Amino acid sequence: MRRRAMPIGWPRRDPRHYRFAVPNAVWEYKLKPVEFVIFSYLCYHRPSGTFTPEVIATDVHMTTSTVKKYLEALVDRGLVTAERSLALDVQCITSEKFFTLPNEVFLLWLPPSAFMVYAYLLLIEDRRTHACHPSYNTIAAATGVSKNTVMKSIGTLLDMDLITVEPSSYFDKRGMKWKGNNLYTIQPVRPAVDAFHQRQLRQLELEAKCRRVLRRQAEYDRRHPRAALCATGSAPAASDPPQQCKPLCTS
């Protein structure tokens, strides 16, 4: 697993301008990752009112049918009203005990499981050092996903430059050294978003280049039709061995 040096510190900004609150009590509901993403999106837009499933689907990068399905599940749990806004009691909880997520998290197209693991790390991080060291089993139990999914999600967050991972160790009473849990440090989200957009631009440039090459090839083929490699004729008898076609002319 790739390792990175720990940051010296974060630039101080007013959290109200770039982060939004999610109630701690949401973890008690054992939401599925997709439900958690949709609920977080509604928390992000909590002061703005309600949104249609189509708008939510566009912003969280899911299909409309998926959003409708899991919105219904959130309504059944009492977390969301039928008008697709947060329930009143959830809004009250948000004002008391909550953790925060960066506004830009929806720009990164994170898989729902990685989104949920990232949120859990933000929940338990040390607010001064932005670090935490839960085990894979602890994260899996809190998020409700499998240990393998947690490990894959950690790899995704690492690749996205949202966290750093450092190994740790400890000594028992006998003086034996054992491998400890990984130490995760949350990184500033803005550089991660910039890097993600740069990767998207490079991908778009590569796709545009491929399309140009294909258009040129098609135009060349149109202007210079190729001679048939084999003359069409009757099929050989079944008993005859297969004949390999040869070009009609050589360069």
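Hi everyone, let me start with helix α5: 10 of its 13 residues are buried, so this helix is largely enclosed by the rest of the structure. Please keep in mind that we are looking at a predicted model. The buried residues run without a gap in name from Ser113, Ala114, Phe115 and Met116 through Val117, Tyr118, Ala119 and Tyr120 to Leu121 and Leu122. As for length, α5 reaches 19 Å from its first C-alpha to its last, close to the 18 Å expected at 1.5 Å a residue.

So what does α5 pack against? One partner is helix α6, residues 136–143, with the two axes 10 Å apart and an angle of about 110 degrees between them. Angles of 65 to 115 degrees count as roughly perpendicular, and α5 and α6 are therefore roughly perpendicular to each other. On the α5 side, the contact is made by Met116, Val117, Tyr120 and Leu121, and α6 brings Thr138, Ile139, Ala142 and Thr143. Sorted by class, that gives 6 nonpolar and 2 polar residues, with no charged ones. If you like helical periodicity, here is a reminder: an α-helix has 3.6 residues a turn, so residues three or four places apart point the same way.

Let's step back to the loop that leads into α5 from β2, where Glu104 sits. Is Glu104 buried or exposed? Its relative accessible area is 9%, and because buried means under 20%, Glu104 counts as buried. Beyond its neighbours within four places in sequence, Glu104 is in contact with Tyr18, Val189, Arg190 and Val193.

For contrast, have a look at Ala82, in the loop between α3 and α4. Ala82 is exposed, with a relative accessible area of 60%. Its C-alpha atom is separated by 8.2 Å from that of Glu72, and these two residues are 10 apart along the chain.

Now over to the sheet. Three strands form an open sheet in the order β3-β7-β4, with antiparallel pairing. At the edges are β3 (131–132) and β4 (163–166), each pairing on one side only. Helix α7, residues 147–159, packs on this sheet and touches β4 and β7, and its direction makes about 120 degrees with that of β4.

One last detail for anyone with the viewer open: β3 pairs with β7, residues 183–186, over 2 bridges in the antiparallel sense. Which residue of β7 is the bridge partner of Cys132? That would be Tyr184. Thanks for listening, and I'm happy to go back to any of these places with you!

Conventions
Residues are numbered from 1 along each chain as its sequence is written. This is a predicted model: local features need pLDDT of at least 70, side-chain atom pairs count only at pLDDT 80 or more; totals for chains, interfaces and linings use all residues. Side-chain values use heavy atoms; hydrogens and water are left out. Two strands pair if DSSP finds at least two bridges between them. Helices (H or I, at least four residues) and strands (E, at least two) are DSSP runs, numbered from the N terminus. Contact means heavy atoms within 4.5 Å. Axes are lines fitted to C-alpha atoms, for helices over the stretch in contact, and angles run from 0 to 180 degrees between N-to-C directions. Angles under 35 degrees count as roughly parallel, over 145 as roughly antiparallel, 65 to 115 as roughly perpendicular and the rest as oblique. Ala, Val, Leu, Ile, Met, Phe, Trp, Tyr, Cys and Pro count as nonpolar, Asp, Glu, Lys and Arg as charged, and the others, Gly among them, as polar. Buried means under 20% relative accessible area, exposed over 50%, partly exposed in between (1.4 Å probe, protein chains only). The expected span of a helix is 1.5 Å times one less than its number of residues.
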